[in-house]
Amino acid sequence: MTIELEVRGMSCAHCVRAVTQAIRERDPGAAVTVDLAAGKVRAETTLPRAAVAAAVAGEGYEVAD
């Protein structure tokens, strides 16, 4: 399943790494792409959207509804 989230607060390579690792901790096989300029996170994952959003929010970023 492809999950796309609008995420606020990401600004650097550390943000990309933190978001990617947070999602992969929950689904090690997830393919995660982060577009800093657009504020978008895209994940090919078996997780539901709520779990992906919770992983990102758990790193301190704001996920738009």
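This short talk describes the strands of the structure shown above and the salt bridges among their side chains.

Good morning. Please bear in mind throughout that this is a predicted model.

I begin with strand S1, which covers residues 2–8. One face of S1 is covered and carries Ile3, Leu5 and Val7. The uncovered face carries Thr2, Glu4, Glu6 and Arg8. The general background is that side chains in a regular strand alternate between the two faces of the sheet.

Which strands pair with S1? S1 pairs with strand S3, residues 40–44, in the antiparallel sense over five bridges. S1 also pairs with strand S4, residues 62–63, again in the antiparallel sense, over two bridges.

S3 likewise has two faces: Val41 and Ala43 lie on the covered one, and Lys40, Arg42 and Glu44 on the uncovered one. Across the pairing of S1 with S3, Thr2 stands opposite Glu44, and Glu4 stands opposite Arg42.

S3 has a further neighbour in strand S2, residues 31–35, to which five bridges join it in an antiparallel arrangement. Within that pairing, Val32 has Ala43 as its bridge partner. S2 and S3 form a hairpin with four residues between the strands, and there Gly39 takes a positive phi near 70°.

I now turn to the salt bridges. How many does a search of the whole structure find? The search finds four. As general background, side chains of opposite charge can pair when their charged atoms come close.

One of these salt bridges brings together the side chains of Glu4 and Arg42, at 2.7 Å from N to O. This pair links distant parts of the chain, since Glu4 belongs to strand S1 and Arg42 to strand S3, 38 residues apart. Glu4 and Arg42 also belong to a network of salt bridges that includes Glu44.

Is Arg42 buried, partly exposed or exposed? Its relative accessible area is 38%, so Arg42 counts as partly exposed.

Arg8 takes part in two of the contacts I wish to show. The side chains of Arg8 and Glu6 meet in a salt bridge of 3.7 Å, N to O. Arg8 also forms a salt bridge with Glu62, where the closest N and O atoms are 3.1 Å apart. Here too distant parts of the chain are linked: Glu62 lies in strand S4 and Arg8 in strand S1, 54 residues apart. In the strand pairing, Arg8 stands opposite Glu62 as well.

Arg8 is partly exposed, at 39% relative accessibility. Glu6, at 35%, is partly exposed, and so is Glu62, at 45%.

Technical notes
Residues numbered from 1 in each chain as written. Predicted model: local features only at pLDDT ≥ 70, side-chain atom pairs only at ≥ 80, totals over all residues. Heavy atoms only, no water. Buried < 20%, exposed > 50% of the residue type's maximum accessible area, 1.4 Å probe, protein only. Pairing = 2+ DSSP bridges.
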